[in-house]
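Q: Please take a close look at a single part of this model, one buried residue and what lies around it. I would like the contacts, the helices and the empty space treated together.

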Amino acid sequence: MRWLTLYARSRRAPASLAAVLISAVAVGALARIGGGGPVDPRLSTLALAAGATALAVGLGGQDLALDRTAAIRWVPRRAVHVLLCGMLIGAVLLAVQTMGGQPASTAFVVRNSAGMMGLVALGAAWCGGPYAWIPPFASLSLSFVVPPAPDPATKVLTWMLLPPGTTAGAWTALALAVAGTTAYAVGGPRR
C-alpha cells in the first residue's frame with residue numbers, strides 16, 4: 001500500500017483532486033445562478049475539462065528517466081491511471097450536480113469524461129505531462145466556437161456538446177479514449 005501512496009504523491013494527486021473538486025463546485029454554483037432552465041451541456045463539459053486538465057499534470061512523473069528505468073510494468077499502471085482519472089472526474093461532477101439539482105445525464109458525463117481523459121492522455125504522449133492540457137483545451141474551445149451543423153465533420157469537432165444518444169459523439173469519445181489510453185500506456189509521457 002505504501003507504493004500507492006508514493007505513486008499518488010509523485011503524480012500530484014492531492015493537489016489535482018482539490019482542483020477537480022473546486023472546479024466542479026464552481027461550475028455547480030454557476031448552474032444554480034442560471035436558474036431553473038434546461039441543463040446547459042456547456043457547463044458540465046467545462047467542469048469535465050477543468051477536471052481533466054487538473055489531472056493532466058499527474059500523467060508525467062517528477063523524473064521521466066527514473067520512470068522509464070523502473071523495474072515495474074508501467075503499461076498497466078498507466079492505463080489504470082488514465083481510467084481512474086476519467087472515472088474520478090465523472091463521479092465528482094455527478095455528485096456535485098446531484099446536490100445542485102440540475103444534473104446532466106450519466107451517459108453524457110461518462111462519454112465526455114472518457115473522451116476528455118483520452119485527449120489528456122494523447123496530450124501527455126504527444127506534448128509531455130506539463131502540456132497534456134493542450135488537446136482537451138483546444139477541443140473544448142473548438143466545440144464552443146464552431147456552430148452546430150448536421151454534417152459529420154462538425155459533429156466530430158463538437159462531440160462534447162452533442163446530446164448523449166448521438167452516434168458521432170459516442171464514437172468520437174470512444175476513439176479518443178482508446179487511442180489516448182493506448183498511446184500513453186505504451187509510450188508514456190513525452191520527455
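A: Leaving out residues up to four places away in sequence, Cys85 touches Leu55 and Met117 (contact means heavy atoms within 4.5 Å). The model is predicted, so local features need pLDDT of at least 70 and side-chain atom pairs count only at pLDDT 80 or more, while totals for chains, interfaces and linings use all residues. Residues are numbered from 1 along each chain as its sequence is written, and side-chain values use heavy atoms, with hydrogens and water left out.

Leu55 lies 30 residues from Cys85 along the chain, yet their C-alpha atoms are separated by 6.9 Å. Cys85 has a relative accessible area of 8% and is therefore buried (under 20%; exposed is over 50%, partly exposed in between, with a 1.4 Å probe and protein chains only). Cys85 sits in helix α5, which runs over residues 74-100 (helices are DSSP runs of H or I of at least four residues, strands runs of E of at least two, numbered from the N terminus).

Cys85 also belongs to the largest pocket, whose volume is about 490 Å³. Of its 19 lining residues, Cys85 is among the closest to the centre, together with Tyr7, Ala13, His81 and Leu84. (On a 1 Å grid over the protein atoms alone, a pocket is an open set of points with protein on both sides within 12 Å along at least five of seven lines; a cavity is a set where a 1.4 Å probe fits but cannot get out; lining residues have an atom within 4 Å of a point. Points are joined across faces, edges and corners, and volume is the space filled by probe spheres set on them.) Helix α5 gives the most to this lining, with seven residues, and α1 (2-10) and α2 also supply at least two each. By class, the lining has 13 nonpolar, three polar and three charged residues (nonpolar: Ala, Val, Leu, Ile, Met, Phe, Trp, Tyr, Cys and Pro; charged: Asp, Glu, Lys and Arg; polar: the others, Gly among them).

Helix α5 takes part in a closed space as well. Two cavities of 30 Å³ or more are counted, and the second largest cavity holds about 40 Å³. Val20, Ser23, Ala24, Ala47, Leu48, Gly51, Ile89, Val92 and Leu93 line this second largest cavity. At least two of its lining residues come from each of α2, α3 (41-56) and α5. Seven of the lining residues are nonpolar, two are polar and none is charged.

Helix α2 thus supplies residues to the linings of both the largest pocket and the second largest cavity. The 21 residues of α2 (residues 13-33) should span 30 Å at 1.5 Å a residue (1.5 Å times one less than the number of residues), and the end C-alpha atoms are 30 Å apart, which agrees. Ser16, Val20, Ser23, Ala24, Val27 and Gly28 are the buried residues of α2. They cover an arc of only 135° around the axis (taken from the directions from the axis to the C-beta atoms), so they lie on the same side of α2. An α-helix has 3.6 residues a turn, so residues three or four places apart point the same way. The face turned away from the buried side of α2 carries the exposed residues Pro14, Ala15, Ile22, Arg32 and Ile33.

As for the setting, the protein chain has nine helices and zero strands. Of its 191 residues, 41% count as buried. Among contacts with a separation of 6 or more, 76% join residues 24 or more positions apart.
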